[in-house]
Amino acid sequence: MDAYIDALRGRQQAIRGQVGDLVHAGDPAVEETIERTVRPDFVLDGSICVLLATKKAVDILLCDGAIVPDPGGIITGGHDNKTARMIAVGEGETLDAPALLAMFRQIIANNRAGGVGAL
């Protein structure tokens, strides 16, 4: 995992750090693993989100089955997807931390109840 994080550019590392802080604020018991040998995956009773750094953005893949409300309108892709949706944070963009934290808390609650992201 350290090799993946060390290879990220400064802005990508910063966003990865913000996402990690937010998901742990949702529940301190969240664990970070590596999915498919390359992507940080935050889990607690199932996947919460997976990160993917691209040249243009850091993609936050929410493992929620499109059931978590998005009142802040921060979802950028996968609106009709049954297993995950995406928030792409591009160059010069910032995270809507309160909206993302609310979504993480709901995904964690759904996982604990045996929901979509649950193992």
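1. Phe42 has a relative accessibility of 0% and therefore counts as buried, the cut-off for that class being under 20% relative accessible area. The residue sits in strand S2, which covers residues 39–43. This and everything below refers to a predicted model.

2. The surroundings of Phe42 come from several parts of the chain. Leaving aside residues up to four places away in sequence, Phe42 touches Arg16, Val19, Gly20, Val23, His24, Val30, Glu31, Glu32, Ser47, Ile48, Cys49 and Leu51. Within strand S3, the residue opposite Phe42 is Cys49. Leu62 lies 20 residues from Phe42 along the chain, and the C-alpha atoms of the two are 9.9 Å apart.

3. On confidence, the protein chain has a mean pLDDT of 85, with 87% of its residues at 70 or more. Helix H1 (residues 2–7) has the lowest mean pLDDT among the elements, at 55. The highest, 94, belongs to helix H3 (residues 97–112).

4. The protein chain contains three helices and five strands. Read from the N terminus, their order is α-α-β-β-β-β-β-α. The chain has 119 residues, of which 44% count as buried. Of the contacts between residues at least 6 apart in sequence, 54% join residues at least 24 apart.

5. S2 and S3 are antiparallel and are joined by three bridges. They form a hairpin with three residues between them. Asp45 is found in this loop, and its phi is near 55°, a positive value in a residue other than glycine. What is the exposure of Asp45? Its relative accessible area is 42%, so Asp45 counts as partly exposed; that class lies between the limits of 20% and 50%.

6. Strand S3 (residues 47–53) also pairs with S4, again in the antiparallel sense, through five bridges. A hairpin with three residues between the strands links S3 and S4. Two partner assignments fix the register here: Val50 is bridged to Leu61 of S4, and Leu52 to Asp59 of S4. Five of the seven residues of S3 are buried, so the strand is largely enclosed by the rest of the structure.

7. Strand S4 (residues 57–62) is mostly covered as well, with five of its six residues buried. Besides its pairing with S3, S4 is antiparallel to strand S5 (residues 85–90), and six bridges connect S4 and S5. In this pairing the bridge partner of Ala57 is Gly90 in S5. As a general point, side chains in a regular strand alternate between the two faces of the sheet.

8. The helix pair to check is H2 (residues 10–26) with H3. Their axes are 8 Å apart and the packing angle is about 50°. The two helices are therefore oblique to each other, and their crossing is right-handed. On the H2 side the contacts involve Val19, Leu22, Val23, Ala25 and Gly26. These meet Ala97, Leu100, Leu101, Phe104, Arg105 and Ile108 in H3.

9. Two residues of H2 link points 2 and 8. Val19 and Val23 are listed among the contacts of Phe42, and both are also among the H2 residues that meet H3.

Definitions and conventions. Residues are numbered from 1 along each chain as its sequence is written. This is a predicted model: local features need pLDDT of at least 70, side-chain atom pairs count only at pLDDT 80 or more; totals for chains, interfaces and linings use all residues. Side-chain values use heavy atoms; hydrogens and water are left out. pLDDT is the predictor's confidence in each residue, from 0 to 100. Helices (H or I, at least four residues) and strands (E, at least two) are DSSP runs, numbered from the N terminus. Buried means under 20% relative accessible area, exposed over 50%, partly exposed in between (1.4 Å probe, protein chains only). Two strands pair if DSSP finds at least two bridges between them. Axes are lines fitted to C-alpha atoms, for helices over the stretch in contact, and angles run from 0 to 180 degrees between N-to-C directions. Angles under 35 degrees count as roughly parallel, over 145 as roughly antiparallel, 65 to 115 as roughly perpendicular and the rest as oblique. A crossing is left-handed if the near helix is turned anticlockwise from the far one by less than a right angle, and right-handed if clockwise. Contact means heavy atoms within 4.5 Å.
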